[in-house]
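Hi,

Here's the structure I promised to pass on. Have a look at it first, and my notes follow below.

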Amino acid sequence: MKKVLCLLLAALMLLPTLAAFAEGEDITSWILEDDTSISGEISFWMPFKGSQGMDALIADFNSIYPNIKVNLNTYNNNSDGNLSVNTSILAGEVDVLASFGLSNAYKRWEAGLYVDLTDLVEEEGIDLVANWGSDAFKYDDCIYTFPCGGLSYYVAINMNAWNAAGLGELPTEWTWDEYFAASKAMTEYNEDGTVKVYGGSSYHSQNYYTYVYGSLVGKNAYYDEDGTCSFDNPVIIKALQDEYNAEVVDKIWFPKSIYRGDNLQAQQTFLVERTCNSSLTPNMVRFLPDTANYGVDFITGFAPWPVIEKGQTNYMSGVAPFSHAGICMDPDDEDFPAAWAFLKWYSTYGVKYLAAAGHQPNWKGTEPGSALSLLFGTEEEAAKFVDVESFKRVVGVSTNPSYYEDELTAYSKVNSLMAEYTMYALNDVMTPEAALAELTKLADEAIAAER
Amino acid sequence: MARKHRNQNQIKENIAGYAFVMPALVTYVLLIAFPFFLTLILSFTKFNFLKVRSLAKLGKYISWIGLDNFRTIFTDRRFVQSIGNTFVYALTTVPVSIVLGLVIAYLLNGRVFCKKPLRLAFFIPYISSIVALGAVFKFLFREDGLVNRALMGLGWIAEPWKWTVEPSLSKIPIIFLVIWTSLGYVMIIYMAALQNVPRSLYEAATIDGASGFQQFTRITLPMVSPTTFYLVIVRLIAIFKIFGSVNVFTMGSSIASNTSIVQEIYSSAFSDYAHGYASAQSVVLLLIIIFFTAINFGGQKKWVHY
Amino acid sequence: MKKREFSITLVKTLIIAVFALAFLLPLIWMVTSSLKNTNEVFAGNWQWLPREWKWGNYAAVWTDPDVSMFKAYLNTAFITVIGTVAQLIISSMAAYAFAKVRFQGKQVVFVLFLATMMMPTEVTIVPRFILFKTVGLYNNLWAIILPHFFNATAIFLLRQFYIGLPDDLMEAAKIDGAGHLRIFGQILMPLTKASLISLMVLSFISCWNEYMSPLIFLIKKPLYTISQVIRWYMLDDLQRYDLNMAAATSAIVPVVILFIFCQRYFVEGIATSGVKG
């Protein structure tokens, strides 16, 4: 009965979406429950606020499931915030949770903080690859979460600076050398020769140079094929050397040591303090419509993630999985069916609302092009903030090749070692080569210890 | 009859005694003794409490690994460094705050104007929230903060120093913060001690023609040596368990050069969720504190005059 | 001669005053920054006083719907008052028993209590986390309050004081038929008022400024203490240093005012703790 109903419903509601699939495969049959009048109350923990698309998401959900009350709980996606989430899970206060970043999700799979969904997935015939493009996100062969939200990586550019430097059209493909040259051209100096505005900037997280390698190989920037770490790879060594040159030697990029030391974030240097004219970023678009906190008087343009050489497949140009949603509520709880219904709806139809906060939906059934309207309302409104054409070309193009991670051995440990040694290199305490050599040694030890 | 009466009396006294001690004893057993033994036990296990879904099956989640945690500790680069860092904090802040505190107490103890407002100035940092003061210091030592501006204005440095992320500098803001916050305490304790030094000693010394400096070294220093001893112990223990002032500065910086023992215990326990390992680290901290307190007590005969 | 003494005093005062000013500079700077607007905090041509006094920063910090300083004050005050009062009563009772009641096993219990003076509470954070989580005190102000109930130093200091009270006082009351409860509550405890005030000050400082326990045990924003509100501003995405400094000032100024009015008790209280090693 359930299957029939679902098929009928899906066929009626989703004919246009279905048409988009070459095989005509129905990936939506499992999403809605037979009985959308089921009731319950669940708490949904997520780093985005109600005003960042989540209120709209819940309202949309309630138009289908009117009797399920969803209480949004916004947490900070830093180590404090994540600890508070984990302890709240133990206290039974979290029902559905969106984890941001594989490292946080991984710790929760490992600690058993998410409910094992493997049986439910099999029972309802949910095809992970057809829905989200990957079935790699498992721990001990168990499925705990759906990889339903992603990030799109790009360069955000202050168009005033770009035009003032006479750089012409925004590129549709460019190399790192070209981006560094543009950064140099956009760097503005004070009268005494010190830097007034840096031409470019990395994102404030330490790991962005590893994505240079990621864009080449398409997955697991921290690991080589043989399972050892990748920090001794020439591409990574050159990438860190390039970042070091840009930040420490040539001073054309905003220094990461200041981002880390002063707790600054990339959107602040770009939008508020105007200390850099362009920036690598996964989420800059989120801040643009927030005129109260980040009001700006320039248009932001977008260029794709740079490549090592032209013609290379750019795996950073698509949408990379970033958020992982699952259930933390005890399956014996009477509200569990409501939580399951919400999780299924959220990780499919619901994820388009992530675009309102600058993240990108990962579900294959999502209609393309909703990001611009969710962020700005209309295209005319968007044109006040962004270069619409380059936005559409670069931000959140899920059809482009995308990067992902599925190698997780000692991931947290390797990640924190990477953060530490990257800082030694960018603070000029060790040369990039020496830092990476020591990092390789320690990371390989950590990986070996876990095996 | 008399004996029975005495027994009855003793029973009454026992009941009264334990009734009066009971609230303290219950708290002690539940919140001090029990957690202490649990720390010892957990230090021999691999355990993540966040995995425990039902306490009835607790055993399933604990694996006994003998001394493995302690072996790991001595090869744990970050933890070993945190012990070293903590010693650096102890060796710098304890002597400086004690010497400065004594000097200021000595000056304030004599005749000065506005004694109370001046005393207040030194005291405010001690009674204030460490996070509030840490926030101020982190702000002062920013790349474009007041300290860099002042040093550059004076021409002492050419470009801003990265106090919070440069490993060779990163302990300095914390050392200043700790001295700043602990000096008021040291000063008050010394002021109380100085009041107890008999005036007659100074008068006799003045008659013998001893200079002010001689009086300070020959009379004041020996007379306050028990207080100095007390302060060394109290300040050492305070530094060994330093957390707040370090935590404020390690937020987000990723480097290992300014972290402290308790900061590492905190991050093992509440960011790696390695509760067995964190317990082992706690045991090491306790051993360090006991060891140094014992050394101090052993060495006090040489320089403390009661 | 008089004149010479005067100038020595003046020179000493000046030396200390310079030190004191250096001590206060960061705090003065904190207060002035809390009254600037965000851009001015980092303005290139930097100056001490705000160009435009933004008292609104305080309004923002105190009435933030998410993490309000007002709520944090209530929480912190609750922790401080209950923690301090309970600690004084419980410690007094134990101290009285150790000093004036001849019960069996007294020495053993006392030595056990004293032994904890060396063990910092940081050593037991993991078990305490497990314990509070298990009994449902996690995310509960009582998780911060309860550990203050037992304080070995307070018991030790009060015991010294009770031992110093002459037994004659007790004997007289006993002949009148008074039990321990009356002797303790009506005769002896009132005599320890001065020590109690000193201990109250110490307990106040430690409760009010506590950082690590709230960080671990109070993770819901409505339960935040003052320390956590400041931390929240430090970690906030927007990095509003003006608000951060307003929060820091809000935490410090009331304690300073209290200190000015009760300076004698504060100083005596701190000094008591260090009378003798």
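How many residues of domain 1 of chain A are in contact with domain 2 of chain A? Before I get to that, bear in mind that this is a predicted model. The answer is 16 residues of domain 1, which meet 16 residues of domain 2. On the domain 1 side, two elements give two or more residues each: α5 (102-110) and β12 (319-327) of chain A. The largest share there is from α5(A), with 4 residues. Sorted by class, that side of domain 1 has 10 nonpolar, 5 polar and 1 charged residues.

As for where the domains run, the assignment for chain A puts 35-151 + 319-366 in domain 1 and 154-317 + 388-450 in domain 2. Their C-alpha centres are 29 Å apart.

Now for the contacts between chains. Where chains C and B meet, chain C supplies 76 residues and chain B 78 residues. Helix α1 (residues 2-33) of chain C gives the largest share of the chain C side, 14 residues. That side splits into 55 nonpolar, 14 polar and 7 charged residues. Where chains C and A meet, 8 residues come from chain C and 13 residues from chain A.

Last, the largest nonpolar core has 304 residues, and those touching the most other members are A:Val96, A:Phe342, C:Ala94, C:Ile230, C:Ala247 and C:Ala248. Helix α8 (residues 171-195) of chain B gives the most to this core, 15 residues. If you want a spot to zoom in on, try A:Phe342: among the residues it touches are A:Phe44, A:Phe61 and A:Val96.

Cheers

Methods
Residues numbered from 1 in each chain as written. Chains lettered and ligands numbered in written order. Predicted model: local features only at pLDDT ≥ 70, side-chain atom pairs only at ≥ 80, totals over all residues. Contact = placed C-beta atoms within 7 Å. Nonpolar A, V, L, I, M, F, W, Y, C, P; charged D, E, K, R; others polar. Core = buried A, V, L, I, M, F, W, Y, C linked by C-beta atoms within 7 Å. Buried ≥ 20, exposed ≤ 12 C-beta atoms within 10 Å, placed from the backbone. Domains from an automatic or database assignment. Lists of a residue's contacts leave out its neighbours within four places in sequence.
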